[in-house]
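User: I'm new to reading protein models and would like a close look at a single part. Could you pick one residue and walk me through its surroundings?

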Amino acid sequence: MSLRHIEAFRAVMVSGSMTEAARRMHTSQPQVSRLIGQLEKIAQFALFSRKGSRLTATLDGTRFYKEVEKTFVGLAGLESAAAGICAFSAGRLTVAAMPRLAGGLLARVVAQFKTRHPDVMVSIQSGNAGAIHDSVSSGMCDLGLALLSEDSPGVQVEPVLAMNCVAVLPRGHRLARLKALGAEHFGGEPFISFSGGTALRNRIDLLFADAEVQRALVDEASLGASICAMVGAGLGLGIVNPLAATEETGQGGIEVRPLLHALPVTAALLYPQYHSRTRLVDLFARYARQLILKEMGHLGTPVSAMPGEDSTA
């Protein structure tokens with residue numbers, strides 16, 4: 001007994017004729033007749049009584065049809081389940097991002113994603129780069145979005161946009177007349193740096209040490225936004241990632257200039273190193289990458305897209 005036999009029998013029961021059943025199955029009436037005949041031999045009872053061209057289901061045929069319908073209801077349930085899996089129904093994602101990204105760009109990624117996949121629950125966590133790394137490497141988060149200034153062992157890193165840090169100055173500062181600043185321009189200037197022990201702080205300190213330039217370190221902050229706010233208040237100069245500088249420029253009080261030295265920072269997606277990435281994670285990452293390049297692309301150079309990046313969700 002094959003599925004084709006059952007399909008033919010069900011089509012005849014539903015339509016009431018061999019001819020209509022053949023049309024629905026995109027086959028010939030003789031073929032449907034053969035299938036019904038074969039099914040009756042296999043079942044060892046008559047499914048239909050025939051009076052001329054009319055078919056009437058026998059009692060046994062009617063009982064058999066009820067069992068067939070139970071099977072097709074089950075198949076419909078499987079189709080529904082498959083459609084739900086395909087559409088990520090009841091799916092869940094936990095995404096970690098640095099505060100500046102979590103409250104802005106990542107929120108917009110989620111909004112775009114949920115227009116196409118409204119049933120997916122997305123949970124956003126925020127923290128500094130170290131916290132993002134730990135959340136992703138431990139598997140507590142499916143995906144991370146961070147600005148990296150050094151290698152990140154323990155996680156899979158997908159670079160998206162390569163950028164260079166910039167100098168921030170109080171509006172009207174005498175150095176603002178320059179188109180770009182080198183390390184030598186910071187000599188003796190009040191300087192607001194990142195908190196000690198961070199990767200970017202170490203690289204900035206090394207830059208000035210190599211250039212043999214002495215700054216007057218007056219304050220520290222853990223976030224680029226805080227440094228920009230302190231610079232805007234006239235407390236000194238600073239060096240931050242270009243995203244922080246660009247967003248804080250709109251608040252007034254600061255001016256931004258390129259650095260003549262390379263202090264690279266990369267906008268990247270982070271994944272747990274030892275976890276297989278699901279279709280849902282890959283799809284969300286595609287949305288994130290596209291929005292990063294759209295909104296931040298002017299700040300740096302896009303890194304080559306991953307295979308399949310151009311596909312749409």
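Analyst: Let's zoom in on E220, whose side chain makes a polar contact of 2.9 Å with the side chain of R201. A polar contact here is a pair of N or O atoms within 3.5 Å; within protein, one must be able to donate a hydrogen and the other to accept it, and residues adjacent in sequence count only if both atoms are side-chain atoms. Keep in mind that this is a predicted model, where local features need pLDDT of at least 70, side-chain atom pairs count only at pLDDT 80 or more, and totals for chains, interfaces and linings use all residues. Residues are numbered from 1 along each chain as its sequence is written, and side-chain values use heavy atoms, leaving out hydrogens and water.

So where does E220 sit? You'll find E220 in strand β9, residues 216–221 (strands are DSSP runs of E, at least two residues, numbered from the N terminus).

R201 has company around E220: leaving out residues up to four places away in sequence, E220 also touches I192, S193, F194, S195, G196 and M230 (contact means heavy atoms within 4.5 Å). Take S193 from that list: S193 and E220 are 27 residues apart in sequence, yet their C-alpha atoms are 4.9 Å apart in space.

Is E220 buried or exposed, or something in between? E220 counts as partly exposed because its relative accessibility is 44%; buried means under 20% relative accessible area, exposed over 50%, and partly exposed in between, using a 1.4 Å probe and protein chains only.

Terms used:
Helix = DSSP H or I, 4+ residues; strand = E, 2+ residues; numbered from the N terminus.
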